[in-house]
Structures are given as structure tokens and as C-alpha cells.
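Here is a short, friendly tour of charge and burial in one protein model. Please keep the viewer open while you read.

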Amino acid sequence: MGSKRVELFAAIRFDWQRNQMSIRSLARKYDVHRRTVRQAIASPLPPERKVPVRAAPVREAVVGWIDEMLHEDLAAPRKQRHTARRIFERLCDEHDARVSYSTVAKYVHRRRAEITAALARAEAASVAGFVPQAKEPGAEAEVDFADVAVELDGRAARCYLFGFRLSCSGKGCHRVYASCAQEAFLEGHGRGAVAAYPV
């Protein structure tokens, strides 16, 4: 629905309500059919355009084969899936189909997205449960280094922040080291365990 048509309907309705103009004079003023003026008086929104349903006997003859190829592609690796060109060639070679490439390409473009979305919905519906994570106290921890900028003797220096967090309790310890070498890694573990479990 175009914005110009909505504006036209609003102008017709305004003249009809405020200026008490007749349908014939409104049709003449706006250079439209009287049917359009009656539609504007009846509703502020223009009616939706009717799109004719066209029969496509050539396409309908091959959609089953195309859908079968697209369903096969769901199990194939990404690089081995059919392109629209390959589907067109297989239809011509294997089934002697008399269909144009553009018809096949348009249908494949639309249908591949529909099949993928239907598969995603089916997979989402089949997942009925979940597995809860159970972390044992003191059994696991998450550790990482991150770059930080600190001020040492009035100058900016690049250092490394060691982060240690226990998976069960969420308690953590953070320390800053001059390097992220193995010595800092091991010392951070020792200090992190002491900080998380004070004696």
C-alpha cells in the first residue's frame, strides 16, 4: 500500500467531511474514478491490491524433484549441496524437463529457506529437556590472562591480569603480573586457591 494512495484517501475524506463536496466533484478534483472516491469515504485505508493467482504448470511438474534434491542437501556437507544451476542441469538430464533456469532458480531460492526453517523448527520442538550442570566444590576453576595498563613510577606499563574463578561458588581472585609466563600462571593458581579457600 503506497503512502501516496493513503494521502489521496485522506485528502478525499477531508474534502468530503469538511467541505461537503459531492462524489462526482471529488472524482473530478482528484482525477480518480467515483469508485475510488466511494472507497475513500468508506475507509481511511485503501483496500489491498488483489494479486492474481497464476497457474504454473511447468514449474508444478518439477517441484517434487526439486524438493527431493533440497531435502537430500540437508544431510550433505555444505560444499556438496546442489546449486540452482546444478538442479536445473539434473532436471534437464535425468528427467528431460522443459523448464527455464530462472524458474528453477527463483523456486530454489524461496524453497531452500522454507525447508531449512522447517527443519530448525522440528529440531527445536524435539528438544524437550536439558542437562543441568553440577559443579563439585573445589573441583573446577576458570582461569585466564588479560592485558591491562597500569601506572608504574608515573609511566604507563603493560601488564597482565590473572583471573581465577571457582566454577561452583563463583569466588574469585585477581592478580597483576609483569608477564604471563608459566611462573605467573602457577603462582596465580596457588594464590587463587588460598584466596578462594582461606584457612
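The report below covers a patch of charge, one helix and its two sides, and some salt bridges.

Please bear in mind that this is a predicted model.

**A positive patch**

Let us begin at the surface, where Arg 24, Arg 28, Arg 34 and Arg 38 come together as a patch of positive charge. Two helices contribute to the positive patch: H2, spanning 23-30, and H3, spanning 34-42, with at least two residues from each. Arg 34 is one of the patch members, and its place is in helix H3. With a relative accessible area of 41%, Arg 34 is partly exposed. Patch members need over 30% relative accessible area, so Arg 34 passes that cut-off with its 41%.

**The two sides of H3**

Staying with H3, which of its residues are buried? They are Thr 36, Val 37, Ala 40 and Ile 41. Because these residues cover an arc of only 140° around the axis, they sit on the same side of H3. If you turn to the face of H3 that points away from the buried side, you will find the exposed residues Arg 35 and Ala 42.

**Salt bridges**

How many salt bridges does a search of the whole structure find? The search gives 13. Three of them are set out here, each with the distance between nitrogen and oxygen.

| Salt bridge | N to O distance |
|---|---|
| Arg 98 with Asp 96 | 3.6 Å |
| Arg 110 with Glu 114 | 3.2 Å |
| Arg 111 with Glu 114 | 3.0 Å |

In the pair of Arg 98 and Asp 96, Arg 98 has a relative accessibility of 69% and therefore counts as exposed.

The other two pairs in the table take us to helix H6, which runs over residues 101-126. Within H6, Arg 110 and Glu 114 are four residues apart, or about one turn of the helix. Glu 114 counts as partly exposed because its relative accessibility is 34%. Arg 110 is likewise partly exposed, at 39% relative accessibility.

Why are Arg 111 and Glu 114 separated by about one helical turn? The reason is that they are three residues apart in helix H6. Salt bridges with shared partners go on to link Asp 67, Arg 110, Arg 111 and Glu 114 in one network. Glu 114 is a good place to start tracing that network in the viewer, since this residue pairs with Arg 110 and also with Arg 111.

How values were computed:
Residues numbered from 1 in each chain as written. Predicted model: local features only at pLDDT ≥ 70, side-chain atom pairs only at ≥ 80, totals over all residues. Heavy atoms only, no water. Patch = residues over 30% accessible without salt bridge, like charges linked within 9 Å, V, L, I, M, F, W, Y side chains within 5 Å. Areas by Shrake-Rupley, 256 points an atom, 1.4 Å probe, with all protein chains shown as cover. Salt bridge = Lys/Arg side-chain N within 4 Å of Asp/Glu carboxyl O. Lys, Arg positive; Asp, Glu negative; His and termini not counted. Charge placed at Lys NZ, Arg CZ, Asp CG, Glu CD. Buried < 20%, exposed > 50% of the residue type's maximum accessible area, 1.4 Å probe, protein only. Arc of directions from axis to C-beta.
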